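Biologist: Before we discuss what surrounds the ligands, could you put the model on the screen and take me through the reasoning behind each label?

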Amino acid sequence: MTMIVSLNRLFLGMVALFALAGTAAAEPAVFDFNRDFYPFYPSLIQWNKSNVPFTPPQTCGQCHQQQYQEWNGSVHSLAFLDPVYQGELNKAVKAVGHDITRQCEGCHSAAGMVTGEIKGPGLAGLSPMALSGVSCDICHSVSGVTHWQTPSHEPENGSLILTTGGQDKPVKRGPFKPSPECGGGFHDCEQTSFHLKADLCASCHQVYHYDSHFPLEATYNEWKHGPYAQLDILCQDCHMVDMKTFREAADTFRKPARGEYRHYFNGANYLLTYLSAGAAKKTGDQQLAKRLMAQYDMAVERLKSAAELDVEPVYRNGGLAELRVRVKNVRAGHNLPTSLTNVRQMWLEVTARDEKGELLLSSGTVQPDGTLPDDARLFNSDGMGKDFHFAVDPWVVTSFSRHDTIPPRGYKDVFYGLTPPAGVKQVSLEVKLRYRQADQKVAEALLGAVPKDMDLKAIYGLDKVPQLPIVDMVVKTVAVRVRK
Ligand code: HEC
Ligand code: HEC
Ligand code: HEC
Ligand code: HEC
Ligand code: HEC
């Protein structure tokens, strides 16, 4: 009797379990979403399909030469060609299945995704439009955003609406009241409110987990909750201007004049522009190589102007006890570093020596195999998966176990114990704030995973992944007295 009852219970329990599993498959795991509203889910992009196809940037460039030349060589122009992206995409498909590619491509090549042209990782056989990444006709076809209807109720995963035209003629959208000759017969013009707002950038600069909507990258939110947003200094005011104008906007909150905007979209990615310049030289396109190297120079200069360091001795009972290093984010409009914070590395390297040059303290020195020692004080984040274990891949990471970045105009203090042996009177310090795109092993894994049709040797001349270059954002040498 009891046996039957418990079997019965077991059976009912199993029915309940199956029912649960059934709902779990049909319903989103964490936040609600509406698949009719977001037909390209997990990308949240929307597309008003019409007879007007997407126009490749080369066509726009026939009439808008200046914008074309500025954009061509930007990280936006490389967003789909990027071998690091292609490597990660290839890994994503293997790990999660093909559906996840819509999420990635909605931001990295929106036109190639919505038209269904891109079928997966790789570049072979794709049209110039699909290869052109974040191109003219993406941004200037944006007719609206759905930032508040998203699963997280924040901008995320490409929450913008693309409308290339009316039924038959292209309509390009921009921030200004169109002149009568606008479009030169090729397109009509429409004024929008959000091309001069950060909302345009927000849709793609908020990368959320494809299923649980955890904010993996939240550059827009970091900006929005900081002082630059309050003072109306937008993404465009630092990233769509030359370096001098960027510094002025960051330092004095001066809004650039209309004629000062440039389509550079320059950020911090010096590795990609450097590799791509090598590729352009191999194909004999010296002009493109030059523009890419100009982007490289700007990114390095931007990193070098983002932060400042204060180094102060701390005395106890009249004797040197500690060193305080204050890292200040002085010119990044969002946290420093931002975006892929669980991949980017920004850290302090500190060395202290006595009068004879004997080493008293060393922290954060890169090891011969390219990795960082455990004691390195890093400013970035550690991702973890649902099992609470360390993870890097964006389809696994659903929270951060450590998120240690520096807010805009904010700072972080780091203390180093330093009590020199008797007889030492003065200590020489070298403190560096260093940056690289990724950990050596992570970079090797990503570049090692590029799809078969992308030959890194043929395109970039790479035999193996070189030791990743490091940018010294700030270097400070100071001498401090041991007795106060
Ligand atoms: C990431 C989004 C984005 C991309 C990609 C982009 N633009 Fe723009 N564009 C903007 C924004 C924002 C403005 C307004 C800022 C400004 O220039 O005042 C703008 C302004 C313009 C203007 C108005 C005149 C001017 O320069 O101020 C033209 C024309 C233009 N873009 C053409 C292009 C062309 C051609 C391309 C491709 C080669 C392109 N854009 C790529 C965002 C973009
Ligand atoms: C919401 C838009 C968006 C989505 C969705 C998205 N990305 Fe990105 N991705 C970005 C932006 C913006 C950056 C640049 C951030 C930065 O510079 O740190 C980026 C950078 C990257 C990079 C670093 C490239 C480099 O050269 O360092 C990789 C790799 C990458 N994405 C892969 C993916 C993959 C794979 C997916 C899908 C699983 C994906 N992305 C989904 C917007 C997106
Ligand atoms: C046949 C020439 C021609 C082509 C091709 C062309 N445009 Fe234009 N466009 C113009 C002219 C002329 C204007 C008005 C003068 C100006 O602002 O530069 C204009 C204005 C614009 C503006 C400014 C709108 C505003 O806010 O005032 C944008 C944005 C723009 N075009 C985007 C594009 C994009 C994106 C493409 C490619 C899909 C493109 N154009 C292709 C001729 C052209
Ligand atoms: C359609 C999606 C999309 C839109 C809209 C967009 N971006 Fe991006 N942006 C990307 C992607 C994807 C990347 C990274 C490509 C890569 O690293 O492979 C990127 C890269 C960048 C970078 C270079 C980052 C680096 O590491 O150097 C800057 C700067 C940038 N975007 C600024 C902007 C600004 C400013 C706007 C708004 C005017 C904007 N973006 C709008 C998708 C977008
Ligand atoms: C006050 C100037 C300023 C403003 C405003 C600003 N940025 Fe930046 N941005 C910087 C600086 C400086 C860096 C280089 C340091 C760093 O990586 O944070 C940077 C870096 C970046 C990067 C590269 C990150 C990487 O990992 O390679 C992206 C992407 C970016 N910004 C996007 C944006 C977007 C989107 C906005 C608006 C929501 C914005 N920025 C607003 C100054 C600014």
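Biologist: Why is helix 5 (residues 100-108) called largely enclosed by the rest of the structure?

Modeller: In this predicted model, a residue is buried if 20 or more other C-beta atoms lie within 10 Å of its own, and eight of the nine residues of helix 5 are buried, so the helix is largely enclosed by the rest of the structure. Those residues are Thr101, Arg102, Gln103, Cys104, Glu105, Gly106, Cys107 and His108, and what covers them includes helix 4 (83-96) and helix 6 (110-114).

Biologist: Which element gives the most to the shell around ligand 2?

Modeller: Helix 5 does, with six residues. The shell holds 26 residues, of which Val84, Glu88, Cys104, Cys107 and Ser339 are the closest, and the elements that give two or more residues to it are helix 4, helix 5 and strand 6 (206-208).

Biologist: From which domains does the shell around ligand 2 draw at least three residues each?

Modeller: From domain 1 (35-225) and domain 2 (306-481). By residue class, this shell around ligand 2 divides into 13 nonpolar, 11 polar and two charged.

Biologist: What makes up the surroundings of ligand 1?

Modeller: There are 24 residues around ligand 1, and His64, Gln67, Cys136, Cys139 and Tyr261 come nearest. Two or more residues of that shell come from each of helix 2 (57-63), helix 3 (65-71) and helix 8 (136-139).

Biologist: How does the shell around ligand 1 divide into nonpolar, polar and charged residues?

Modeller: The shell around ligand 1 has 13 nonpolar residues, 10 polar ones and one charged; Cys counts as nonpolar in this division.

Note on methods: Residues numbered from 1 in each chain as written. Chains lettered and ligands numbered in written order. Predicted model: local features only at pLDDT ≥ 70, side-chain atom pairs only at ≥ 80, totals over all residues. Buried ≥ 20, exposed ≤ 12 C-beta atoms within 10 Å, placed from the backbone. Helix = DSSP H or I, 4+ residues; strand = E, 2+ residues; numbered from the N terminus. Contact = placed C-beta atoms within 7 Å. Near = placed C-beta within 6 Å. Domains from an automatic or database assignment.
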